[in-house]
Amino acid sequence: NQMKNLLFCLMLTTLSATSQIENIQGTWESIESQCLTAISYNKKEFKFKNICDSNIIETVVNKGKDFVTTTLINTDNNHKVVIKYTLLDNGNLQGNFIGDYKGIIIHRRYNE
């Protein structure tokens with residue numbers, strides 16, 4: 001019986017952690033960028049698409065229960081950064097940038 005309770009608790013923890021990170025799905029905008037960032041999640045895999053005039057490639061390199069880490073390359077100017085995205089309690093998305101740009105950018109949901 002203890003084993004059943006333990007397995008049930010583990011399942012609940014996994015489900016709540018997965019659904020929390022899934023909340024970053026959607027289209028995001030920030031004051032600092034001319035690009036919109038569209039994030040989709042399907043079968044435990046995130047996809048990032050940047051919607052703007054620049055040629056940007058963003059690839060997921062790591063994910064956890066409350067974050068997703070990507071590498072971003074702007075092929076127009078060879079600008080490269082690693083971004084750790086975290087969903088904030090107020091519903092905004094924080095991007096912590098390290099690389100050719102270093103800083104924190106707050107993204108808000110784009111009103112489609």
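This is a short tour of the structure, stop by stop, with a selection to make at each one. Keep in mind that the model is predicted.

**Stop 1: the whole chain**

Start with a cartoon view of the full chain. Its secondary structure amounts to one helix and eight strands. Colour from the N terminus and you will meet the helix, then strand after strand, in the order α-β-β-β-β-β-β-β-β. If you shade the 112 residues by accessibility, 29% of them come out as buried. For a feel of how the chain folds back on itself, take the contacts between residues at least 6 apart in sequence: 24% of these join residues at least 24 apart.

**Stop 2: β7, β8 and β1**

Next, select residues 93-99, which are strand β7, together with 103-109, which are β8. These two strands form a hairpin, with three residues between them. They pair in the antiparallel sense over five bridges. To see one bridge, show Asn 96 and look for its partner in β8, Ile 104.

Now add β1, residues 26-29. β8 pairs with β1 as well, again antiparallel, over two bridges. Display Glu 29 and you will find Arg 108 of β8 standing opposite. While you have side chains on, a general point may help: in a regular strand they alternate between the two faces of the sheet.

**Stop 3: the disulfide**

Select Cys 35 and Cys 52. A search of the whole structure finds one disulfide, and these two residues form it, with their sulfur atoms 2.1 Å apart. Which parts of the chain does the pair tie together? Cys 35 sits in the loop between β1 and β2 (36-42), while Cys 52 sits in the loop between β3 (45-51) and β4, so the link joins parts that are 17 residues apart in sequence.

Check the torsion about the S-S bond: it is about 65 degrees, so the disulfide is right-handed. The two ends sit in different accessibility classes. Cys 35 has a relative accessible area of 12% and is buried, whereas Cys 52, at 25%, counts as partly exposed.

**Stop 4: the largest pocket**

Keep Cys 35 on screen and add Ser 33, Ile 56, Leu 72 and Phe 97. Of the 23 residues that line the largest pocket, these five lie nearest its centre. The pocket holds about 450 Å³ of space.

Which strands supply at least two residues each to the lining? Select β4 (56-63), β5 (67-74), β6 (79-87) and β8 (103-109). β6 gives the most, with four residues. Colour the lining by class and you will count 10 nonpolar, 10 polar and three charged residues.

**Stop 5: Leu 72**

Finish by centring on Leu 72, one of the residues nearest the pocket centre. Leu 72 belongs to strand β5. Is this residue buried or exposed? With a relative accessible area of 11%, under the 20% cut-off, Leu 72 is buried.

Show what surrounds it. Setting aside neighbours within four places in sequence, Leu 72 is in contact with Asn 50, Ile 56, Ile 57, Glu 58, His 79, Lys 80, Val 81 and Ile 83. Among these, Ile 56 also lies with Leu 72 in the group nearest the pocket centre. As a last step, draw a C-alpha to C-alpha distance from Leu 72 to Val 82: the two are 10 residues apart in sequence and 6.2 Å apart in space.

Key:
Residues are numbered from 1 along each chain as its sequence is written. This is a predicted model: local features need pLDDT of at least 70, side-chain atom pairs count only at pLDDT 80 or more; totals for chains, interfaces and linings use all residues. Side-chain values use heavy atoms; hydrogens and water are left out. On a 1 Å grid over the protein atoms alone, a cavity is a set of points where a 1.4 Å probe fits but cannot get out, and a pocket is an open set with protein on both sides within 12 Å along at least five of seven lines; lining residues have an atom within 4 Å of a point. Grid points are joined across faces, edges and corners, and a volume is the space filled by probe spheres set on the points. Ala, Val, Leu, Ile, Met, Phe, Trp, Tyr, Cys and Pro count as nonpolar, Asp, Glu, Lys and Arg as charged, and the others, Gly among them, as polar. A disulfide is a pair of cysteine sulfur atoms within 2.5 Å. Buried means under 20% relative accessible area, exposed over 50%, partly exposed in between (1.4 Å probe, protein chains only). Two strands pair if DSSP finds at least two bridges between them. Contact means heavy atoms within 4.5 Å.
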